[in-house]
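Welcome to this short tour. Please open the structure in your viewer and get ready to select things one stop at a time.

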Amino acid sequence: VTEIEQVLLNIMKNAAQAISGTEMSRQPQITVRTRVSGEMAVIDIEDNGPGMDESIRLRVFEPFFSTKEVGVGTGLGLSVAYAIITNRHHGSIEVQSRLGEGSCFTLRLPLQGRG
Ligand SMILES: Nc1ncnc2c1ncn2[C@@H]1O[C@H](COP(=O)(O)OP(=O)(O)O)[C@@H](O)[C@H]1O
Ligand SMILES: [Mg+2]
């Protein structure tokens, strides 16, 4: 598994947990979109799960930050993703969310490799 695959797996696992963790009136969905924007490859991973409030959203990339029960979450998935994308691949990772509507993680990676 490559580093980028590891990142995508971590984000998709969170999305899967988010959409399966709550009772939902709508059809649970994970949408992955890729596009090229200038010199960057852009990947969106969006779910229509419960979303997160701003105090959580701001902390998701912190090591050991988790809202999951002990044994379910380690709080490391997104901090590892952040390190891989920013430090090792010179890209960026951010998240938008609306409580009750879902979350969207956006990765941007330089197409020229490791710059
Ligand atoms: N798709 C998502 N929807 C809602 N909350 C999320 C989502 N992805 C991440 N989070 C929040 O970010 C926290 C940190 O995620 P992560 O670093 O992967 O750790 P873990 O999954 O082990 O808790 C999660 O505990 C959760 O609160
Ligand atoms: Mg996780």
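Helices (H or I, at least four residues) and strands (E, at least two) are DSSP runs, numbered from the N terminus. This is a predicted model, where local features need pLDDT of at least 70 and side-chain atom pairs count only at pLDDT 80 or more, while totals for chains, interfaces and linings use all residues. Residues are numbered from 1 along each chain as its sequence is written, chains are lettered from A and ligands numbered from 1 in the order in which they are written, and side-chain values use heavy atoms, with hydrogens and water left out.

**Stop one: the pocket**

Select α1 to begin. With eight residues, α1 provides the largest share of the lining of the largest pocket. (On a 1 Å grid over the protein atoms alone, a pocket is an open set of points where a 1.4 Å probe fits, with protein on both sides within 12 Å along at least five of seven lines; lining residues have an atom within 4 Å of a point.) Now add α3 and β4: like α1, each supplies at least two residues of that lining. In total 29 residues line the pocket, and Asn14, Gln17, Thr67, Lys68 and Leu78 are the ones nearest its centre.

**Stop two: the ligand**

Next, show ligand 1. What does the space taken by ligand 1 turn out to be? It is the largest pocket (a molecule sits in a pocket if more than half of its atoms lie within 2 Å of its grid points). Around ligand 1 there are 19 residues, with Asp47, Ser66, Thr67, Lys68 and Thr74 coming nearest (a residue is near if one of its heavy atoms lies within 4 Å). α1 gives the most to this shell, three residues.

**Stop three: polar contacts**

Look for pairs of N or O atoms within 3.5 Å, the cut-off for a polar contact. Pick asparagine 14: an N or O atom in its side chain is 2.8 Å from an oxygen atom of ligand 1. For lysine 68, a side-chain N or O atom is 2.7 Å from a ligand 1 oxygen. At threonine 74, look to the backbone instead, where an N or O atom lies 2.8 Å from an oxygen atom of ligand 1.

Methods:
A polar contact is a pair of N or O atoms within 3.5 Å; within protein, one must be able to donate a hydrogen and the other to accept it, and residues adjacent in sequence count only if both atoms are side-chain atoms.
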